[in-house]
Amino acid sequence: MEPPRKGEGSRECTACTAPDDAYIWVGERWRVRAMDRPTGLPMVLILESRSHLDLGDLPNLLAAELGVMTVRLEKAIRSLDGVARVHVNRWGDGSAHLHLWFLARPYGRLQLRGTFLSLWDSILPPISEQQWRENLAMVAAWLAEFGGRPLAEPPRILWQAPSSIGAQASSAAANEEDGVGVIEAAEEIPEPEVDEIDQPEVGPSTGGPAGDR
């Protein structure tokens, strides 16, 4: 038996409840969002329909627009410096709300070619947050040339005194350790059934977990 996905049955749909300011670009029928922090690839974006529909449920108008939006977003990401190819993927096990993944492969990194690019996103060290935000702003502005509203802004220039550069570097290193890749994204990991969750062993002397004795 297939477990229900997010947005299916009585389960809440996170895409439907997300506000526009959680996205980098929004239009009348489509929205584009990013991960919540930089990852190992130059760019990872998600195209979502505003309507709560799955891929096979799209009416003709949205189906045609999906093709147009896919081409536009692929071109926008490929226009970024250092991007050689853009992989477009659709996984549907985590959420019933249509969403397509766009993964940018770095130029010259031929070992990343093929279907395992999403795995490399979790292995590679995250790109700098400044470069990531610049890329988001460029993609949003590119899409806005065709309509909609860009919400991603380029990072502000922060002038740092020499004494604070070390602290800034330490903060950046900490952010890199917390990177989340595509495969680790919550909407692509179906939640386990209750009976599939391992229950902790109970210690005989304390009544608590065995490891707490």
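Good morning. A residue is called buried when its relative accessible area is under 20%. With that cut-off, Cys13 counts as buried, because its relative accessibility is 8%. The model before you is a predicted one.

Let us stay with the cysteines for a moment. Cys16 has a relative accessible area of 40%, so this residue is partly exposed. How many disulfides does the structure hold? The structure holds zero. A disulfide requires two cysteine sulfur atoms within 2.5 Å. The cysteine sulfur closest to that of Cys13 belongs to Cys16, and it lies 3.5 Å away, which is too far for a bond. Seen from Cys16, the closest cysteine sulfur is that of Cys13, at 3.5 Å, so again the separation is too great for a bond.

I turn next to the sheet. Six strands form an open sheet in the order S4-S5-S3-S2-S1-S6, and their pairing is antiparallel. Its edge strands, S4 and S6 (residues 149-150), each pair on one side only. Within the sheet, S3 and S5 are joined by five bridges in the antiparallel sense. Ile46 stands opposite Trp101, a residue of S5.

Finally, consider helix H2, residues 60-78. Its 19 residues, at 1.5 Å a residue, should span 27 Å, and the end C-alpha atoms are indeed 27 Å apart, so the expected and modelled values agree. Which residues of H2 are buried? Among them are Leu62, Leu66, Met69, Leu73 and Ile77, and also Glu65 and Glu74. The cover over the buried residues of H2 includes strands S1, S2, S3, S4 and S5, together with helix H4, residues 129-144.

Thank you for your attention.

Technical notes. Residues are numbered from 1 along each chain as its sequence is written. This is a predicted model: local features need pLDDT of at least 70, side-chain atom pairs count only at pLDDT 80 or more; totals for chains, interfaces and linings use all residues. Side-chain values use heavy atoms; hydrogens and water are left out. Helices (H or I, at least four residues) and strands (E, at least two) are DSSP runs, numbered from the N terminus. The expected span of a helix is 1.5 Å times one less than its number of residues. Buried means under 20% relative accessible area, exposed over 50%, partly exposed in between (1.4 Å probe, protein chains only). Contact means heavy atoms within 4.5 Å. Two strands pair if DSSP finds at least two bridges between them.
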